[in-house]
Amino acid sequence: GWDFEQIGQAFKHGFWSILAPLVILGGIYSGFFTPTESAIVAIFYTLFVGVFIHKELSWDDIFRSLETTTWLSGRVLLILYTATVFGRLLVENQIPAIVAESMLSLTDN
């Protein structure tokens with residue numbers, strides 16, 4: 001069955017964490033900030049909750065997460081750069097037009 005005392009304690013302990021989506025989506029839908037700005041608000045809100053309210057984040061944890069984020073962002077940007085160069089090469093050599101022309105020449109309809 002349901003243990004309402006345990007559910008109440010979990011809700012009380014996680015109240016500020018549960019508010020994160022409400023703060024983010026509430027800010028977007030109310031017009032206080034854009035979706036891009038909401039990412040920054042989410043970062044600072046979760047840092048505040050993790051460091052000062054839950055006291056679960058240390059400086060080492062924060063720096064480790066920044067290091068991981070930098071590593072992942074670098075990989076994504078490398079893939080994005082490669083795709084951009086590839087797309088530019090295709091367009092400059094008119095490959096999409098050649099492919100479209102050859103596909104259209106297969107049939108009359």
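## A tour from helix 4 back to helix 2

Start by selecting Leu-78, which sits in helix 4; helices here are DSSP runs of H or I with at least four residues, strands are runs of E with at least two, and both are numbered from the N terminus. You are looking at a predicted model, in which local features need pLDDT of at least 70, side-chain atom pairs count only at pLDDT 80 or more, and totals for chains, interfaces and linings use all residues. Residues are numbered from 1 along each chain as its sequence is written, and side-chain values use heavy atoms, with hydrogens and water left out.

**Stop 1: along helix 4**

Is Leu-78 buried or exposed? Leu-78 counts as exposed because its relative accessibility is 56% (exposed means over 50% relative accessible area, buried under 20%, partly exposed in between, with a 1.4 Å probe and protein chains only). Now add Ile-95 and draw a C-alpha to C-alpha distance: the two residues are 17 apart in sequence and 23 Å apart in space.

Next, pick Gly-74, also a residue of helix 4. Gly-74 is partly exposed, with a relative accessible area of 37%. From Gly-74 to Leu-106 the C-alpha distance is 43 Å, over 32 residues of sequence.

**Stop 2: the largest pocket**

Select Ile-43, Leu-47, Val-51, Leu-57, Ser-58, Trp-59, Asp-61, Ile-62, Ser-65, Leu-66 and Thr-69 to show the lining of the largest pocket. Helix 3 and helix 4 (59–92) are the elements that give two or more residues to this lining, and helix 4 supplies the largest share, six residues. The pocket volume is about 270 Å³.

A pocket here is an open set of points on a 1 Å grid over the protein atoms alone, where a 1.4 Å probe fits and protein lies on both sides within 12 Å along at least five of seven lines; lining residues have an atom within 4 Å of a point. The volume is the space filled by probe spheres set on the points, which are joined across faces, edges and corners.

**Stop 3: helix 3 and its two sides**

Colour residues 35–53, the 19 residues of helix 3: at 1.5 Å a residue they should span 27 Å, and the end C-alpha atoms are 25 Å apart, which agrees (the expected span is 1.5 Å times one less than the number of residues).

Which residues of helix 3 are buried? They are Ser-38, Ala-42, Tyr-45, Val-49 and Gly-50. Look down the axis of helix 3 and these buried residues fall within an arc of 120°, so they line one face; the arc is taken from the directions from the helix axis to the C-beta atoms. Turn to the other side of helix 3 to find Thr-36, Phe-44 and Phe-52 exposed.

Zoom in on Ser-38, a member of helix 3 that is buried at 6% relative accessible area. Leaving aside residues up to four places away in sequence, Ser-38 touches Ile-24, Ile-28 and Phe-33, where contact means heavy atoms within 4.5 Å. Just after helix 3, select Lys-55, whose phi is positive, near 55°.

**Stop 4: helix 2**

Helix 2 (15–30) is part of what covers the buried residues of helix 3. Its 16 residues reach 22 Å from first C-alpha to last, close to the 22 Å expected. Gly-31 follows helix 2, with a positive phi near 90°.

**Last stop: the UniProt record**

UniProt lists residues 14–32 and 38–54 as "transmembrane region" in an unreviewed entry; such annotations may be inferred rather than shown by experiment, and their positions are given in the numbering used here, with feature names shortened. Residues 14–32 are 84% helix and 0% strand, with end C-alpha atoms 25 Å apart. For residues 38–54 the helix content is 94%, with 0% strand, and the end C-alpha atoms lie 22 Å apart.
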